[in-house]
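Q: Please take a close look at a single part of this assembly, namely one interface between two of its chains. A connected account of that interface and its surroundings would be welcome.

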Number of protein chains: 4
Amino acid sequence: MPPKNDWRFRLHEVIYESNTRAGKAFDVGLLIAIFTSIIVVMLDSVQSIHGHYGKLFHVLEWIYSGLFTIEYILRLISIRKPWNYVFSPLGLIDLLALIPSYLSIFFAGAQSLLVFRALRLLRVFRIFKLGHFLTEVNFLKQALKGSVRKISVFLLTVLTLVVILGSIMYLVEKRENGFSNIPESIYWAIVTITTVGYGDISPVTPMGKFVASVVMLIGYAIIAVPTGIITHDLALARRNSKQELPESCPNCSREGHDSDAEYCKYCGSPLYV
Amino acid sequence: MPPKNDWRFRLHEVIYESNTRAGKAFDVGLLIAIFTSIIVVMLDSVQSIHGHYGKLFHVLEWIYSGLFTIEYILRLISIRKPWNYVFSPLGLIDLLALIPSYLSIFFAGAQSLLVFRALRLLRVFRIFKLGHFLTEVNFLKQALKGSVRKISVFLLTVLTLVVILGSIMYLVEKRENGFSNIPESIYWAIVTITTVGYGDISPVTPMGKFVASVVMLIGYAIIAVPTGIITHDLALARRNSKQELPESCPNCSREGHDSDAEYCKYCGSPLYV
Amino acid sequence: MPPKNDWRFRLHEVIYESNTRAGKAFDVGLLIAIFTSIIVVMLDSVQSIHGHYGKLFHVLEWIYSGLFTIEYILRLISIRKPWNYVFSPLGLIDLLALIPSYLSIFFAGAQSLLVFRALRLLRVFRIFKLGHFLTEVNFLKQALKGSVRKISVFLLTVLTLVVILGSIMYLVEKRENGFSNIPESIYWAIVTITTVGYGDISPVTPMGKFVASVVMLIGYAIIAVPTGIITHDLALARRNSKQELPESCPNCSREGHDSDAEYCKYCGSPLYV
Amino acid sequence: MPPKNDWRFRLHEVIYESNTRAGKAFDVGLLIAIFTSIIVVMLDSVQSIHGHYGKLFHVLEWIYSGLFTIEYILRLISIRKPWNYVFSPLGLIDLLALIPSYLSIFFAGAQSLLVFRALRLLRVFRIFKLGHFLTEVNFLKQALKGSVRKISVFLLTVLTLVVILGSIMYLVEKRENGFSNIPESIYWAIVTITTVGYGDISPVTPMGKFVASVVMLIGYAIIAVPTGIITHDLALARRNSKQELPESCPNCSREGHDSDAEYCKYCGSPLYV
C-alpha cells in the first residue's frame, strides 16, 4: 500500500480523482483541452478555413497530441495496474485519439482519423462527478439500467419488423423505384418507422404507398412503448435511489462504489489510505 | 396419450418445446438457420454481389429449402393434430417460406418471393422462452394487451382524421401541385401527421401550407395519446403481473398456459405426461 | 309528450338512438353508406379510374345524394325541434355533404366539393355507442377533457416560439435561400419543430443551420410536454371515471347524460317515455 | 414610499399590474397592438403584398413605433428603479423592438431588423396572469422547473452523441456525398437524431446508411427519456403545487412572490401600499 505522501499516489489522486482541488482543476483543464482540440479538428475540416489557417491548425494539432501523450504516460505510471487502464473503454479511446497523429508521419491520409478525438468528449460525463448534477445523473442511470432489458426486447422487435417490412417493400416497389436491394429497403424501413423520413427513397406505386402508410402508422404507435417503459422505470427508480461514491479505486481505478464502501469491491484495496 | 418414451413425444419436445437441452439446441440452431438464410436472400438481392456469387447463393438457397422442408415434415409428424399446426400463423409462415423455392422450378420469377422467408424471423420471439427475458416479455405483453382497445380507438381516430384532412387538402392544393388524387392526399396526410415528412409531396400554395401546419400541430399534439395510454397500462400491469408457462401443449401445440396449469386449456390434454 | 307508439317517436329512436335493434341496424347501415360513398368519391378522383368508370361513379354519387337527402329529411321530421339538429355540428356536416351535388346542377366545378362528404366519417365515433368500446372511449374522453387547458397553454407556447424562430430565420437566411417571407419562415419553423422535416425549405448558410439545430433540439425536448400532461391526466381519470348514458334526448337530441339521469339535463323532458 | 394616490403609483399599477380593471385593459390593449404590429411586419415581408401596400405598411410601422416608444417612456417613469426594467429580459426585448425603426432613418437595411418585434410576443404569457389559466401555468412551470437539471443532463448527452456520430459520419461518407465538413456532419446528426430528416444531406454509401440507421434507432429510443422525466416530474408537481401572487413589486417590478407575501422578496418594499 502506498504511503499517503508517495508521489505516485498523489499523482493518481490528481489524474483519476476529482475530490481534491488539484483533481478538480485537472479534470476541468483536461475537458477544456479536449473541447478546444475538437474545435480545431472541426474547423480544419471546413475547406475555406483550412485554406487560410491550415498551417496554424497543423501546429496546434501537434501541440494537442503532445499534451495528450504526456497525459497518457502520466496515467500509465500513476496507476498500479496499467493494463487495467489501457484496456478499459476510456483507455482505448485515449489511445485511439493519439494514434492518428503519429500514424500521419508514415501514412499521408491518417490525419483524417483525428476525428476519433471526438470520442474523448465522452469524458464530459466525468463533469457530473464534480458536484451539482450527481443526484440527477444517479437517478437517470438507475432508471435506464432498469429499462435496458425491456428496451432490448423493444429494439429486437423493431429490428425484426424492419427486416420483414423492408423485404416486403422490396417485392412491392422493385428496383426501378429506388428500392434497389433488400438492405436498401430495410434502410428505408428504418428511416420510415423512426419517422425520420429523409425522402431519398420513397414509395412510388399506389401499393407501395399503402404499405408505407402501414409502416408509418406502426412507427407512430410503437414509439409510445419505450417512452412508457422509461416513465415507468423512472417512477420505480425514485423509490430506491441510492448514492454512489465519486471516488475510484487507487489500485485498479474502477468506479461505482457504494457511499458507505471503505474497500474496493473489485480488488479489495482500501479506497482511502 | 403417448408414453413418455414414445419417439413422437420426444420429437415433439425437441421441436416444439424449449425446456429440455435438446429443445433449446434445436431452437437456437433453427434461429441461426433462419437468420443465415435471410442474409443469403439479402445479399443475393444486391446486384453487384449477385454478379459474383449468384451461383453459390443459388446452391445455398436450395440447401436451406431442403433443411426447412425436413423441419416442416418433422413438425407435421411429431404433432397429433397436424392441421392445427398447418393453419396456425407460424405454420402458414413456415409454408409460405417454402413454396417460392419449389414454385421457381415452374415459374422463373417466383424466386423473388423468397423474401417471405423474412417472415420466419418472427420465430425470434421464441428466444424469449429460453430464459432471461421471460419476465420482461410477459410484463410488456400484458401491458400491450390492456392497451389494444384504447390504441384501436386512437388509430380509428387518426384514420378518420387523415381521410378528412387528405380530402380537404386535395381540394385546396389541386392536381398540379402533386396532390393528384384523394388517396394520394390521404397518403400525404399520413406522412405528415406521423411526422415522417418525406417531402415527395408537400404543399405549394399559402393556403395549403396553412392546412399542412394545422395537420402537423395536430400530429405533434396527439402523438402524446398512445404514449400516455401505454405508460398508464404499464403501471397497471406491474401490479397484477402473472407468470406464464413456457410449455406448449403436446397435443394441440398451443401456448399461453398459466404457471399453475396442469392441463391444456384449449384441448384438455395433460401438459406434463 | 309523444305516446310510446307515436310514429315520430319510433322514428326518432331508430335514427337518433342505438339502443334498439332497429336503431343499431340503422347506424351500421348509415356507416356503410357513408363509407362506400367516400370510396366512390376517392376512386373518382383518380384520373385513370375516372376515365373508365366516370359515368358509373356519376350515377352512384346521385344515388348516395338521394339516400342522404332522404335521411336528412327523416332526421328533420322525427325530431321536435329541428333547428337544434340543423345547427348542431353533425347537422351542419350532413348539410355540407348534401349541397355540392345539388350545386353541381348549376355550377360545373361544384362537384369537387363532394370531398366534404368525408366529414361525415366523423359519425364513425357513433359506433362506440354500439357497445364494447364504451368504457375505453369514456376514459379517453375524460382524460383529454382534463388536458385541454394544459395542451392549450402548450400550443400557445409552441405558436409563439415558431413566430419568433421563423422571424429570426427569415433574417438569417434571406429570400434567396427559400425563406421568401416571414409566413413562409414560420411554416418552416412548424415543419421543423414538429420534426416533420419535409425538406422543401431547409437552411443553406452555416448560421441558418445553427439556428435550425437549436429549433430541432427545442422541438425534440418539448414534444415531451404534451405526453407528460396526457399521461398524468390519464392516471387521474382512472380514479374518477364515470359512466355516460348511450341515449340522446328524444326532444332536443343532445347527448352526454349521466348513467342515472331520467330527464334531459338540457331541456328537462324525460329520456325514457 | 409613494402614497396610494400618487400618479406614478397609479401608472405603475396600470402598466405593470393586471389586478385592476385599467391594468387588465392595458395588458389586453398592448397584446393587440403587439399582435397587429407583427401581422404588419409579416405581410410587409411578402413581396407581392409589399408591392401593393408597401406605403401603408410604412406608415403603420411608424405609428406602432410611436406607440411603443410612448409605452417604453411610461414604463421608465412609472417605476422607481428604471434600470431594473431596462436590463430585465422583457425590458431589453422592448428596446430591441424599438431600435430598428429609428436606426432605419440612418441605415437603409435596418428596417429588416423589425422582425425582432416578434420577440415582444413573449408578453403573451402575461395573459396567463389575467385569470383562468393561472393554475395550469403554475403547475406546468413547477414541473418544468423540477425537470430543468435532468433535461440539461439529457441535452448534454445528446450534444456529445451528435458530435461523435457526426465526426464518424464525416469519416465514413466523405466530402463528395454532401458531408462537406465536420460541423455540417454534426448538423446532419442533429437532423437525424431528432427525427426531423430534411433529406438535404443523406447517406449515400452502404456503410453510411448503416451508421445512419444506428443514429436513427438511437434517436428513436432516447426520445423516450425527456418524456419520462417530464411525466415523472408532473406527477411530483401535483402533490406540492403552490400558488404564486399575480402582483409585481411596485418598487423593483420583479415577480414571483408567494401568495402570502406582503413584502417584495428582492428589495423589501411592501407589495400593497
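A: In this predicted model, chain A and chain C bury an area of about 170 Å² between them, and carbon and sulfur atoms contribute 35% of that area. On the side of chain A that touches chain C, the residues comprise 1 nonpolar, 3 polar and no charged. The contact itself involves 4 residues of chain A and 4 residues of chain C. Across this interface the rule finds 0 salt bridges. Likewise, the count of residue pairs in polar contact between chain A and chain C, with both residues at pLDDT 80 or more, is 0.

The relation between the two copies can be stated as follows. A turn of 180° with a shift of 0.0 Å along the axis lays chain A on chain C, with an RMSD of 0.0 Å. The two copies are therefore related as by a two-fold rotation axis. Of the interface residues of chain A, 100% are also interface residues in chain C, so the copies meet through the same surface.

A residue of chain B may be considered next. B:Thr227 lies in helix H9 of chain B, which spans residues 224-239. Its relative accessibility is 4%, under the 20% limit, and B:Thr227 therefore counts as buried. Leaving aside residues up to four places away in sequence, B:Thr227 touches A:Ala224 and A:Thr227 in chain A, C:Thr227 and C:Thr231 in chain C, and D:Thr227 in chain D.

Key
Residues numbered from 1 in each chain as written. Chains lettered and ligands numbered in written order. Predicted model: local features only at pLDDT ≥ 70, side-chain atom pairs only at ≥ 80, totals over all residues. Heavy atoms only, no water. Contact = heavy atoms within 4.5 Å. Buried area = accessible area lost by both parts, 1.4 Å probe. Salt bridge = Lys/Arg side-chain N within 4 Å of Asp/Glu carboxyl O. Polar contact = N/O pair within 3.5 Å; in protein donor to acceptor, adjacent residues only side chain to side chain. Nonpolar A, V, L, I, M, F, W, Y, C, P; charged D, E, K, R; others polar. Helix = DSSP H or I, 4+ residues; strand = E, 2+ residues; numbered from the N terminus. Buried < 20%, exposed > 50% of the residue type's maximum accessible area, 1.4 Å probe, protein only. Least-squares fit on C-alpha atoms with pLDDT ≥ 70 in both.
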